[in-house]
Amino acid sequence: METITDQHFDVQKIRAEFPVLDQKVNGHDLIYFDNAATSQKPKQVIDALTKYYEHNNSNIHRGVHTLAERATHDYEETRKAVATFINANEAEEVVFTKGTTEGLNLVAQAYGRKFLKAGDEIMVSEMEHHSNIVPWQLLCQQTGAVLKKIPITENGELDMGAFDQLINERTKIVSIVYISNSLGTINPISTIVKKAHSVGAKVVVDGAQAAPHQKLDVKTLGCDFLAFSAHKMYGPTGVGVLYGKRDVLEKMDPYQGGGEMIKEVSFDGTTYNDIPYKFEAGTPNIGDVVAFKEAIEFIQRIGHEALHTHEQKLLQVGSELLHKIEGFEPVGYAGDKASVISFNIEGVHPFDLGMFLDARGIAVRTGHHCTQPVMDRYQIDGTVRASFAVYNTKNEIEVFADALQEIIKKFKK
Ligand code: PLP
């Protein structure tokens, strides 16, 4: 497949692939800057979902009829596409989940409960999404393991000095976010993996925000697990991926019991299926998994380089324009940052800003972004977060900055 070069990157052509963008909200052209929460879907994803239900809907794996074979084939084709997308050794290392949250819970329960004991340590950072904190807290309650926190610096980077001091022979799991959803910080995963592996710890990467922006290569990263969600990378909701290294997945207990995850069931005992099916109990979200392949194809067609260049330009323009606004207080300004701007405006509550922006057709997210420890770190209630995707434009950012100026003037009157 030919990818788009920077010179040939045409944002208007890309926008035309997203039907939802072509609408007015509250009398204004929609400007969608809530991409870190969920991205919009291109037509090819929507069409694939419709085609699945109009032509191929069937349960998978055990049917011998044509529709069952078609559905099974398409479902497994997505698994292969994901394996290629993340450079996994084999498709069997790709487990389908509901999303990042389920992937992280799966590792905590199916790996953690089996291998961790009282006194073992699990390390996460202060910038984690709640879904990479709470599953480990639950595991600590169940096993007596202890949760340790890597602090973050004032500009929103991991305090790697503190990490070096915290990591030790008792550390069994380091679970770390690749790109922070509330700060945009890109973390040095390969360095963390090397240090964690040197004490024998396993590394889990929360790739929810990385998947839409960054080339994900599990071999380069060296991580043991990687979790991400389709809906943040132009794919459907209700589908995610948990990548795990074969030898680790094979040693784990099942996560849930039910159909599909078994080989033989009897009242004398049950044997489990091979990976990845051992972790896919029950009927999965077949239609959305099938459509997810089109989201991967969409990203591959654009190419990570063109995508990155475009989004970094948006980040630069956005940062420059917002810094000119009176009272602008950025939250998180790491050197290595994805296209997310989190901020407050002195004297205006983020919820008020969010509502005034919505009245102008501009969708941003306000609040703690499921990262309350980050808000505690900066002693704030929340932020306004504008997160940019491949279909956003410089013009949209200019309209956004003008709208902010106008709102602030009203507030300061
Ligand atoms: N981790 C990060 C960094 C996120 O941004 C999110 C969602 O916002 C999640 C995990 C949870 O993803 P999901 O709700 O798709 O399971």
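This passage looks at a pair of helices, a bound ligand and two backbone features in a predicted model. Residues are numbered from 1 along each chain as its sequence is written, and side-chain values use heavy atoms, with hydrogens and water left out. Because the model is predicted, local features need pLDDT of at least 70 and side-chain atom pairs count only at pLDDT 80 or more, while totals for chains, interfaces and linings use all residues.

Let us begin with the helices (DSSP runs of H or I, at least four residues, numbered from the N terminus). The axes of α3 (residues 66–85) and α10 (residues 286–302) come within 8 Å and cross at roughly 40 degrees; axes are lines fitted to C-alpha atoms over the stretch in contact, with angles from 0 to 180 degrees between N-to-C directions. In contact (heavy atoms within 4.5 Å) are, among others, Ala 71, Tyr 75 and Phe 85 of α3 and Val 289, Phe 292 and Ile 296 of α10. The residues of this contact divide into eleven nonpolar, two polar and three charged; Ala, Val, Leu, Ile, Met, Phe, Trp, Tyr, Cys and Pro count as nonpolar, Asp, Glu, Lys and Arg as charged, and the others, Gly among them, as polar.

Next comes the ligand. It is surrounded by 13 residues, each with a heavy atom within 4 Å of it; Thr 101, Asp 206, Gln 209, Ser 229 and Lys 232 are the closest. Polar contacts (pairs of N or O atoms within 3.5 Å) place a side-chain atom of Gln 209 at 2.7 Å from a ligand oxygen, and a side-chain atom of His 231 at 2.7 Å from a ligand oxygen.

Finally, the backbone. Ile 275 and Pro 276 are joined by a cis peptide bond, with omega about 0 degrees.

Definitions and conventions. Helices (H or I, at least four residues) and strands (E, at least two) are DSSP runs, numbered from the N terminus. A polar contact is a pair of N or O atoms within 3.5 Å; within protein, one must be able to donate a hydrogen and the other to accept it, and residues adjacent in sequence count only if both atoms are side-chain atoms.
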